[in-house]
Amino acid sequence: MLNIYLSMIETPEDREKFQQIYDQFEGLIFYVARKMTKDEYLVEDIVQETFYKIIKNISTLRYENDKEFGNLIGIMTQHCADTYLKKHGKISVIESEDFLGVMNENKNFEKIAINTITANEVMKIIEMMDKKYSVPLRLKINGYKSDEIAQLLDITPENVRIRIHRAKKIISNKIGE
C-alpha cells in the first residue's frame, strides 16, 4: 500500500517525509480508527482517507517533534473518521477521547489558562466540547495558522476563526461557572 501512496506524491522530499510519517504513525492511525468504529472494513476506509488527507497536505505539515505531530495525526484521523461516518450514515462508537493527551505539555497552553484554573481542567472542558469547535482550537494551539487548519479540515479560514472564537467563548463561560 505504501508504494501506491508514494506514487501519488510529486517531489522526492515529500515522498521521504510521507514515508517517515507512514512508518512512524501507521499504527496510531489504525488505533484511532479502530477506537472510532469496531468495523474493520470501515477502519480500512478511514485509514485510507487519513493517508490521502496527509498526502494532500504533505507540504504544509510541520514535523517538529514526535509528540506534537502524533497529536496532529490523531486529530486528523478523528476528523476523517467523523466525516466518513457521517457521510455514510453511521455513528462513531465513542463520543470523544483525547487519544494522545493533546496539549498536556504545550507551552502555548498558558495563554488560555486562567490563574484559578489548571491546564487539566481546561483540557476537560475542551474534551467535552463539540468536535467542530475543539479540533480547530487544538490545531491552533499546536501552532497551525487558520489557512492551514482550513485546508486540513476542508472548511473556510473564516469558519476556522469563528469556531476557534466560539471554543474560547465556551471555555470562558465554563470558567465563569
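In this report, buried means under 20% relative accessible area, exposed over 50%, and partly exposed in between (1.4 Å probe, protein chains only). At 39% relative accessibility, Lys-132 therefore counts as partly exposed; this residue lies in helix α6. The model is predicted: local features need pLDDT of at least 70, side-chain atom pairs count only at pLDDT 80 or more, and totals for chains, interfaces and linings use all residues. Residues are numbered from 1 along each chain as its sequence is written, and side-chain values use heavy atoms, without hydrogens and water.

Two charged surface patches are listed below. Patches consist of residues with over 30% relative accessible area and no salt bridge (a side-chain nitrogen of Lys or Arg within 4 Å of a carboxyl oxygen of Asp or Glu), with like charges joined within 9 Å.

| Patch | Residues |
|---|---|
| Negative | Asp-39, Glu-44, Asp-45, Glu-49 |
| Positive | Lys-86, Lys-132, Arg-166, Lys-169 |

Asp-39 is located in the loop between α2 (12-36) and α3 (40-56) and is partly exposed, with a relative accessible area of 32%.

The largest nonpolar core (buried Ala, Val, Leu, Ile, Met, Phe, Trp, Tyr and Cys residues joined through side-chain atoms within 4.5 Å) has 49 residues. Among those with the most contacts inside this core are Phe-18, Phe-51 and Leu-139. Helix α2 gives the most to this core, with nine residues.

Helix α7 (residues 146-153) is largely enclosed by the rest of the structure, because six of its eight residues are buried. These are Ser-146, Glu-148, Ile-149, Ala-150, Leu-152 and Leu-153. Just after α7, Asp-154 adopts a positive phi of about 60°. Helices are DSSP runs (H or I, at least four residues), numbered from the N terminus.

Key. Patches are made of residues with over 30% relative accessible area and no salt bridge: like charges are joined within 9 Å, nonpolar side chains (Val, Leu, Ile, Met, Phe, Trp, Tyr) within 5 Å. Accessible areas come from the Shrake-Rupley method with a 1.4 Å probe; for residues, only the protein chains shown count as cover. Lys and Arg count as positive and Asp and Glu as negative; His and the chain ends are not counted. The place of a charge is taken as NZ of Lys, CZ of Arg, CG of Asp or CD of Glu. Helices (H or I, at least four residues) and strands (E, at least two) are DSSP runs, numbered from the N terminus.
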